[in-house]
Amino acid sequence: MNRQASDLLEPRTTQHHPLVSQPHRASALPHPPSAGERDVLRVLVVENEERAADTLVQALLRQGYDAESVATGGKALQGHHQADLILLDLDLPDLDGLEVCRGIRAVSDTPIITVTARGSELDRVLGLQAGSDDYMVKPYGFRELLARIEAVMRRSRPRQEIARTVDHGPLRIDATTREATLDGRQVDLTRKEFDLLHLLASQPGAVISRRQLMTQVWEDTWSQRGRTIDTHVSSLRGKLGSSSWIITVRGVGFRLGHP
């Protein structure tokens, strides 16, 4: 971060949120609804600088949020399903934050606020195009962050996870029972084959990158490109009876097809 983490999160006493008229600093901070009004909001902080992440998490906890942090894009892609809101830094050690944002947005409508030192107009445009609901440049005031969290949550629709049951022509995939059927007949799949097919089927027509498949199916962001994905794709094609079910997009990844 560009400033000390404590300075980053310290509300400025010379500025007041335009919607707040209370004279006391404590009352000037926006706060989430109480537990009696709604479930506690779960915030995932994606930040690789440990001190900054800890400071932000502690500040959010004091405001009544359920907050935790991860330091890599891979862990964000693995754990975002448990969050109601994501605060995403773009400068991560394993993946570019824009790629992480696209990966989350491809499978979930969980609100994302990008919080980064990248402050150019182009950076903002790229962040919003990648799927961010809001964009903040470091350093920022904590009161503004809280206000933006409330605004994003007001605008957001109810969370939509990957469909538990996906129908694609004669192919039916049920994530609850972890069963796949083709023309009513059960297809015997391994755990990874099922996860791979379900991820592809949840985004029909979309191309899923090899890196995203490795991250979300194998929970691995560090391995060099190998034959793991190709072996499973080949096995799936055989069990589904046609290579047209899974289309290879050269140099990118795979998408679900239809024989």
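Here are a few exercises on this predicted model, each with a worked solution.

Before you start: residues are numbered from 1 along each chain as its sequence is written, and side-chain values use heavy atoms, with hydrogens and water left out. Because the model is predicted, local features need pLDDT of at least 70 and side-chain atom pairs count only at pLDDT 80 or more, while totals for chains, interfaces and linings use all residues.

**Exercise 1. Work out how strand 4 is covered and which strands it pairs with.**

Step 1. Find the strand at residues 112-116. Helices (H or I, at least four residues) and strands (E, at least two) are DSSP runs, numbered from the N terminus.

Step 2. Check burial, where buried means under 20% relative accessible area, exposed over 50%, and partly exposed in between (1.4 Å probe, protein chains only). Five of the five residues of strand 4 are buried. Ile112, Thr114 and Thr116 sit on one side, Ile113 and Val115 on the other. That fits the usual rule: in a regular strand the side chains alternate between the two faces of the sheet.

Step 3. Look for partners; two strands pair if DSSP finds at least two bridges between them. Strand 3 runs parallel to strand 4, joined by three bridges, and leucine 88 has threonine 114 as its bridge partner. Between these two strands the chain passes through helix 5, in a right-handed β-α-β crossover. Right-handed here means that, with the strands pointing away from the viewer, the path from the first strand over the helix to the second runs clockwise.

Step 4. Now take strand 5 (residues 134-137), which pairs with strand 4 in the parallel sense over four bridges. Threonine 116 stands opposite valine 137. The link from strand 4 to strand 5 goes through helix 6 (residues 121-130), and this crossover is right-handed too.

**Exercise 2. Describe the surroundings of aspartate 89.**

Step 1. Place aspartate 89 in the loop between strand 3 (85-88) and helix 5 (97-107).

Step 2. With a relative accessible area of 4%, aspartate 89 counts as buried.

Step 3. List its contacts (heavy atoms within 4.5 Å). Beyond neighbours within four places in sequence, aspartate 89 meets Val46, Glu47, Asn48, Gly97, Val115, Thr116 and Lys138.

Step 4. Pick out the polar contact: the side chains of aspartate 89 and lysine 138 make one at 3.1 Å. The term covers a pair of N or O atoms within 3.5 Å; within protein, one must be able to donate a hydrogen and the other to accept it, and residues adjacent in sequence count only if both atoms are side-chain atoms.

**Exercise 3. Lay out the antiparallel sheet and see how helix 8 sits on it.**

Step 1. Order the four strands of this open sheet: 6-7-8-9, with antiparallel pairing. Strand 6 (165-168) and strand 9 (185-187) are the edges, each pairing on one side only.

Step 2. Zoom in on strands 6 and 7 (residues 171-174 for strand 7), joined by four bridges. Aspartate 167 is partnered with arginine 172.

Step 3. Add helix 8, which lies across strand 6, strand 7 and strand 8 (179-182) at about 110° to strand 7. Axes are lines fitted to C-alpha atoms, for helices over the stretch in contact, and angles run from 0 to 180 degrees between N-to-C directions.

Step 4. Count burial: nine of the 11 residues of helix 8 (residues 191-201) are buried, so the rest of the structure largely encloses this helix.

Step 5. Finish with lysine 192 in helix 8, buried at 18% relative accessible area. Leaving out residues up to four places away in sequence, lysine 192 touches Val217, Trp218 and His232. Lysine 192 and valine 217 are 25 residues apart in sequence, yet 6.7 Å apart in space, C-alpha to C-alpha.
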